[in-house]
Amino acid sequence: MTALLTVDHVNKSFQGVRTLTDVTFDLEPGRILGLIGPNGAGKTTMFNVISGIYSADSGRVLLDGRDITNRSPARIAGYGVGRTFQVARTFNDMTVAENLRVALVNAGLSGREERQRIAAMLDRVGLTGVRDLMVSALPDGQKKLLEAARAMMTSPRLLILDEPFGGVSAEVIDLLISIIRGLVREGVGCLVISHDIVSLPRLCEEVLVLVEGKVMTRGAISEIRNDARIVDAYLGA
Ligand SMILES: Nc1ncnc2c1ncn2[C@@H]1O[C@H](COP(=O)(O)OP(=O)(O)OP(=O)(O)O)[C@@H](O)[C@H]1O
């Protein structure tokens, strides 16, 4: 089977300091891979390279075998990559529904189709009651939920989530996990950065451990959780 995502010998430096060294891994469709590692290990940088925010110095990123290395973030989103950020990047001076509409600007839908898709997503994430509220009025946890909803609006094949559970209520975490699991059952691939040692194992069985910009190991979360050294150093932060 062709991998959904292939990260192939990716290197990235900032001002001569190596942040990613020879990072190589892949992800099959319908799988969730957790990405863990200490602060500064390069996890977010990896996401930024995959989603086109940073260019790789060398190496390749493939989506379904297509080379997407160093394409613009908009092109990469158009190829089917949805992402969220550690601190939600919602448009706070717009309403909840308008935030979702932004994701559809290049989707070529009619006004009616747009409205239907927004209504369906609001319903799915339980935000229908606040659809016309300004996002600035929402608590941070709901902003994160809204951002995840925005990332899902264009039915991405690959969803990459940066700390989706940070600052989020237990109820919203449950909802997020059930939505993500549903998408993955439909064949979406998902990469998740998380320090949340309780929530991450509820979402994924497998993790990639990144340390000082290098892949240290990849394995079943049940095994890695039993490694006290890894738990203390990388998940407990
Ligand atoms: N735009 C940038 N310019 C310079 N250095 C950067 C830039 N982006 C990231 N870095 C550096 O790359 C290193 C890795 O940062 P990154 O945010 O990828 O780590 P992380 O594993 O996501 O950490 P955290 O868990 O704290 O979010 C850090 O030393 C950071 O300072």
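**Whole chain.** Color by secondary structure: nine helices and 10 strands should appear. The model is predicted. Now show the C-alpha trace alone. Along its principal axes it spans about 50 × 40 × 35 Å. How does the radius of gyration fit a compact globule of 237 residues? The globule would have a value near 18 Å, and the protein has 17 Å, which agrees.

**The six-stranded sheet.** Select S6, S7, S8, S3, S9 and S10. These strands form an open sheet in the order S6-S7-S8-S3-S9-S10, with mixed pairing. Look at the edges next. Strand S6 (81-83) is at one of them and strand S10 (214-220) at the other. Each has a single partner strand, so one side of each has no neighbour in the sheet. Turn the view along the sheet to see the twist, which averages 20 degrees from one strand to the next.

**Inside that sheet.** Zoom in on S3 (residues 32-36) and S9 (residues 206-211). In which sense do S3 and S9 pair, parallel or antiparallel? The sense is parallel, over four bridges. Two facing pairs are worth labelling:

- Leucine 35 is opposite leucine 208 in S9.
- Isoleucine 36 is opposite valine 209 in S9.

Now add S10. S9 and S10 run antiparallel and are joined by six bridges. Pick glutamate 206; alanine 220 of S10 is opposite. Follow S9 into the hairpin with S10, where two residues lie between the strands. Glutamate 212 in this hairpin has a positive phi near 50 degrees.

**The four-stranded sheet.** Hide the first sheet and select S2, S1, S4 and S5. This sheet is open too, with the order S2-S1-S4-S5 and antiparallel pairing. Which strands stand at its edges? They are strand S2 (17-27) and strand S5 (66-67). Each pairs with a single partner strand, so one side of each is left without a neighbour.

Move to the middle of this sheet. Strand S1 (residues 5-14) runs antiparallel to strand S4 (residues 58-63), and five bridges join the two. Label these pairs:

- Leucine 5 has leucine 63 of S4 as its bridge partner.
- Asparagine 11 has serine 58 of S4 as its bridge partner.

Step from S4 to S5. The two strands pair in the antiparallel sense over two bridges. Leucine 62 has its bridge partner in S5, aspartate 67. S4 and S5 form a hairpin with two residues between them. Select aspartate 64 in the turn and check its phi: positive, about 50 degrees.

**Helix H1.** Bring back the six-stranded sheet and add H1 (residues 43-50). H1 lies across S3, S6, strand S7 (158-162), strand S8 (189-193) and S9. Against S7, the helix runs at about 150 degrees.

**The ligand.** Stay with H1 and show the ligand. Which residues are around it? Select Phe14, Thr19, Gly37, Asn39, Gly40, Ala41, Gly42, Lys43, Thr44, Thr45 and Gln86. Color this shell by residue class: two are nonpolar, eight polar and one charged. Which element gives the largest share of the shell? Helix H1 does, with three residues.

**Helix H4.** Finish with H4 (residues 111-124). Put a distance on its end C-alpha atoms: they are 20 Å apart. Why does that agree with expectation? At 1.5 Å a residue, the 14 residues of this helix should span 20 Å. When picking side chains along an α-helix, remember the 3.6 residues a turn, so residues three or four places apart point the same way. Last stop: glycine 126, which follows H4 and has a positive phi near 70 degrees.

Technical notes. Residues are numbered from 1 along each chain as its sequence is written. This is a predicted model: local features need pLDDT of at least 70, side-chain atom pairs count only at pLDDT 80 or more; totals for chains, interfaces and linings use all residues. A residue is near a molecule or strand if its C-beta atom, placed from the backbone, lies within 6 Å of it. Ala, Val, Leu, Ile, Met, Phe, Trp, Tyr, Cys and Pro count as nonpolar, Asp, Glu, Lys and Arg as charged, and the others, Gly among them, as polar. The expected span of a helix is 1.5 Å times one less than its number of residues. Two strands pair if DSSP finds at least two bridges between them. Axes are lines fitted to C-alpha atoms, for helices over the stretch in contact, and angles run from 0 to 180 degrees between N-to-C directions. Two residues are in contact if their C-beta atoms, placed from the backbone, lie within 7 Å. The radius of gyration is taken over C-alpha atoms; the globule rule is 2.2 Å times the number of residues to the power 0.38.
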